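Please open the model in a viewer and keep the selection panel at hand. The tour below proceeds stop by stop, naming what to select and what is found there.

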Amino acid sequence: MIHRFLKYNKFKEVFNLKLFESKVSLIFTLGFIFIYESLDIYNNFNEFQIAFQNIAIYIAAALIGMLGIILAGISIMTSSLNRDNMKLMEILNDKYVTERVLVSFEFLAFLIGIQVIVFFNIYLILHSSMNLIPKPSLYFIIIPTVYIFIFSLFYTVSLVGDSIQFFLTTKTYDKINELDKSIISIANELRIDFILKLIIENGRIDDTAILNSLIKYCEISNFDKKEEVLKYLKSVYDIDK
């Protein structure tokens with residue numbers, strides 16, 4: 001797991017200010033510090049302790065619920081994938097495009113797991129009789145906790161958008177594959193007609209006998225949409241049977 005995070009530089013994304021979620025996380029974290037100082041929460045901590053207890057346990061529960069969003073996103077992606085559009089995606093993009101998106105979901109799940117543990121511990125500590133730690137140490141704990149939490153929220157939003165885009169892209173690739181298959185089908189049909197024409201012209205074989213043999217072969221064979229194929233062949237080659 002960790003080696004996949006390192007492979008796609010996932011840890012660097014957390015503090016990459018070029019990303020929207022990182023910028024928003026930094027802004028909200030600074031805003032939280034401003035509010036914290038404005039309310040003088042450190043010196044009036046006892047008044048806010050119960051509120052912090054509730055916030056910690058509610059956030060922990062909400063983060064567990066976010067795991068459902070991750071599973072839904074992965075389900076959307078995997079259900080829309082097949083061998084043909086995966087191959088086409090790798091040709092048009094790169095061979096790691098699918099893995100990169102899935103690793104993003106894995107990284108989000110990792111962040112959520114860490115935070116659930118952190119917020120449950122915060123909840124227990126707030127219920128204990130421990131003395132309030134020095135202000136710099138408290139900030140050292142609060143700032144990264146708030147930042148990672150906000151980052152996880154907007155990273156989730158980003159991944160939901162990526163999942164929707166991924167789903168729409170695979171539908172586009174499906175249409176391209178269907179077009180390719182229709183071209184291949186037409187080419188195969190022309191090739192078969194040409195071979196039959198050569199056999200009939202050069203082999204001095206009765207065309208009716210060949211076509212009747214083709215119909216009999218189809219009738220004794222097992223394949224999907226057998227009746228539709230037989231009907232098609234009879235109509236194309238004008239076989240009355």
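Which residues make a nonpolar surface patch of about 360 Å²? Select Met1, Ile2, Leu6 and Phe11: these four residues make the patch in this predicted model. Methionine 1 belongs to the segment before α1 (2-7). With a relative accessible area of 41%, methionine 1 is partly exposed.

Next, display the whole chain as a cartoon. The chain has nine helices and zero strands, and its pattern along the sequence reads α-α-α-α-α-α-α-α-α. Of the 241 residues, 30% are buried. Among contacts with a separation of 6 or more, 78% join residues 24 or more positions apart. A surface representation shows an accessible area of about 15,900 Å², with 66% of it belonging to carbon and sulfur atoms.

Now move to the interior. The largest nonpolar core has 34 residues, of which Tyr36, Leu63, Ile112 and Phe119 touch the most other members. Colour α4 (45-79), α6 (97-126) and α7 (135-203), each of which supplies at least two residues of this core. The helix giving the most to the core is α7, with eleven residues. Then centre on isoleucine 112: leaving aside residues up to four places away in sequence, isoleucine 112 touches Leu63, Met66, Leu67 and Ile70.

The following stop is glutamine 53, in helix α4. Is glutamine 53 buried or exposed? Its relative accessibility is 10%, so glutamine 53 counts as buried. Beyond residues up to four places away in sequence, glutamine 53 touches Tyr123, Leu126 and His127.

Finally, display the aromatic rings. The chain has 15 aromatic pairs. In one of these pairs, phenylalanine 5 and phenylalanine 107 have ring centres 5.2 Å apart and planes at 75°, so the arrangement is edge-to-face. Because phenylalanine 5 lies in helix α1 and phenylalanine 107 in helix α6, the pair ties together parts that are 102 residues apart in sequence. Phenylalanine 5 is buried, at 0% relative accessibility, and phenylalanine 107 is likewise buried at 0%.

For another pair, select phenylalanine 48 and phenylalanine 52, which are tilted, at 6.4 Å centre to centre and 35° between the planes. These two residues are four residues apart in helix α4, so about one helical turn separates them. Phenylalanine 48 is partly exposed, at 24% relative accessibility.

As a last selection, take Phe5, Phe11, Phe107, Phe110, Phe151 and Tyr155, which form one aromatic cluster. Phe11 also belongs to the nonpolar surface patch at which the tour began.

Notes:
Residues numbered from 1 in each chain as written. Predicted model: local features only at pLDDT ≥ 70, side-chain atom pairs only at ≥ 80, totals over all residues. Heavy atoms only, no water. Patch = residues over 30% accessible without salt bridge, like charges linked within 9 Å, V, L, I, M, F, W, Y side chains within 5 Å. Areas by Shrake-Rupley, 256 points an atom, 1.4 Å probe, with all protein chains shown as cover. Salt bridge = Lys/Arg side-chain N within 4 Å of Asp/Glu carboxyl O. Buried < 20%, exposed > 50% of the residue type's maximum accessible area, 1.4 Å probe, protein only. Core = buried A, V, L, I, M, F, W, Y, C linked by side-chain atoms within 4.5 Å. Contact = heavy atoms within 4.5 Å. Phe/Tyr/Trp six-rings, centres within 6.5 Å; stacked < 30°, edge-to-face > 60°.
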